[in-house]
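Colleague: I am new to this structure and would be grateful for a close look at its nonpolar core and the aromatic residues in it. Please define each term as it arises.

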Amino acid sequence: MYSGDRTESTMTLHLTDAERLAELDLDQLEQLIGLVEYDSATDPFPVTGWDAVVWAVGNATQAAQFYQAVYGMELVAYSGPETGNRDHHAYVLESGAVRFVIKGAVDPASAIADHQRAHGDGVTDIALEVPDVDACIEHARRQGARILSEPHDESDEHGTVRMAAIAAYGDTRHTLVERRRYSGPYLPGYVARSGSLVRSADAPKRVFQALDHVVGNVELGRMDDWVEFYNRVMGFTNLAEFIGDDIATEYSALMSKVVASGNHRVKFPLNEPAPGKKKSQIDEYLEFYQGPGAQHLALATNDILAAVDQLRAAGVEFLDAPDSYYTDPELRERIGAVRVSIEELQSRGILVDRDEDGYLLQIFTKPIGDRPTVFFELIERHGSLGFGKGNFRALFEAIEREQATRGNL
């Protein structure tokens, strides 16, 4: 648990507005996402936390219904033709401290339609909340970042939001949002809106509570470039590195490094393909996404068993782990005791890994769209700050089985 005083002078030791509204506390966040203390005064690009994950999809109206009905998210705001936005529909959905903005083009000439046409349904913007947009942009500019949108104010009756944006890998961007002077449901131009979905009386309040990390896939030879970008431009630190046998199977391989903001609220694993006998999952992604992009989002939950049961009942398909994974004596010895039996995990296909700090439980969905690109991870942490290194081989072999059924291995 945390030690020392939790003062307002240390940024990471107070809750974001989204976390506060989600009724989370610092101890819960330490478990959910591995939140750590750090001194924000020495950070050239302090990041408060996630602001929103913005999606471009082929049908935002249906996608918004899907995330409400299946993933248990709540509709909280909307922008579209009825609000004067003739370009696209945008639905703002929340689950705990997680915010998705689902956008679909109304105008065929919309940039959202162009993005979806090129990449399929995917993430266009990983927006971050920062305490000072101008200071962050000036630092990013000095470090050679490509500025997509200069700092500017957007206002309505709820106040003013200051925003800017920088380019990341592929067509992905990071919008920087300073919202301390704003009390509206999302951003100016959006109106509060709730969904009409009626949930059963015994439905859980939410399936997941926080966003743990977002994984980016980049081209061969570019992983270190983007690691250096996040180090240099955004002041992120290197958290982990997986290369060689750590992250290879008999047929395919990849390399991965993880960068994180000072408080570890925001974590970006970055993957690139590595030479192998057959096409890796990263190669497949880059081919069908037509370039770099966000591969998967890890959704933190405090009860992964209940979450998997609910999602599976709603039709979500997960990657299967072989029974041999759970009967492996080396696994049994390495993981020790966890909060549920191995049999309970096996019946759901949940993977388990342990490191020097604790253990974690995780499971991965199959791709959520028509293209074999974007998917979700559910993760439940118990002290571990890792990413399931001990599960990589089992996971990648499961992905390879799916690739083979698609004819892409």
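Modeller: The largest nonpolar core holds 82 residues, and among these Trp-55, Phe-100, Tyr-230 and Leu-345 touch the most other members. A nonpolar core here is a set of buried Ala, Val, Leu, Ile, Met, Phe, Trp, Tyr and Cys residues joined through side-chain atoms within 4.5 Å. Buried means under 20% relative accessible area, exposed over 50%, and partly exposed in between, with a 1.4 Å probe and protein chains only. The greatest contribution to this core, seven residues, comes from helix 6 (residues 223-234). Helices (H or I, at least four residues) and strands (E, at least two) are DSSP runs, numbered from the N terminus.

The model is a predicted one, in which local features need pLDDT of at least 70 and side-chain atom pairs count only at pLDDT 80 or more, while totals for chains, interfaces and linings use all residues. Residues are numbered from 1 along each chain as its sequence is written, and side-chain values use heavy atoms, with hydrogens and water left out.

As a setting for the core, the protein has 12 helices and 17 strands, and 56% of its 409 residues are buried. In soluble globular proteins, nonpolar side chains tend to be buried together. Contact is defined as heavy atoms within 4.5 Å. Of the contacts in the protein with a separation of 6 or more, 68% are between residues 24 or more positions apart.

Leu-345 shows one part of the core in detail. Residues up to four places away in sequence aside, Leu-345 touches Leu-305, Tyr-326, Val-338, Val-340, Ile-350, Val-352 and Leu-361.

The aromatic residues come next. The whole structure contains 22 aromatic pairs. Rings of Phe, Tyr and Trp (its six-membered ring) pair if their centres lie within 6.5 Å; planes under 30 degrees apart count as stacked, over 60 as edge-to-face and the rest as tilted. One edge-to-face pair is that of Trp-55 and Phe-376, with 6.0 Å from centre to centre and 65° between the planes. Trp-55 belongs to strand 1 (residues 49-56) and Phe-376 to strand 17 (residues 375-382), so this pair ties together parts that lie 321 residues apart in sequence. Both Trp-55 and Phe-376 are buried. Tyr-325 and Tyr-326 have ring centres 4.8 Å apart and planes at 80°, so they too form an edge-to-face pair. Tyr-325 and Tyr-326 are likewise both buried.

Ring pairs also build a cluster, which links Trp-50, Tyr-169, Trp-226, Phe-229, Tyr-230, Phe-236 and Phe-268. Phe-236, a member of this cluster, has its C-alpha 6.4 Å from that of Gly-262, although the two residues are 26 apart in sequence. Gly-262 is located in the loop between strand 12 (253-260) and strand 13 (267-274), and its relative accessibility of 18% means that it counts as buried. Apart from neighbours within four places in sequence, Gly-262 is in contact with Val-36, Tyr-38 and Asp-43.

Helix 6 also has a part in covering helix 5 (residues 133-142), whose buried residues are Val-133, Cys-136, Ile-137, His-139 and Ala-140. These five cover an arc of only 160° around the axis, taken from the directions from the helix axis to the C-beta atoms, which puts them on the same side of helix 5. What covers them includes strand 6 (147-156), strand 7 (159-167), strand 8 (173-178) and helix 6.
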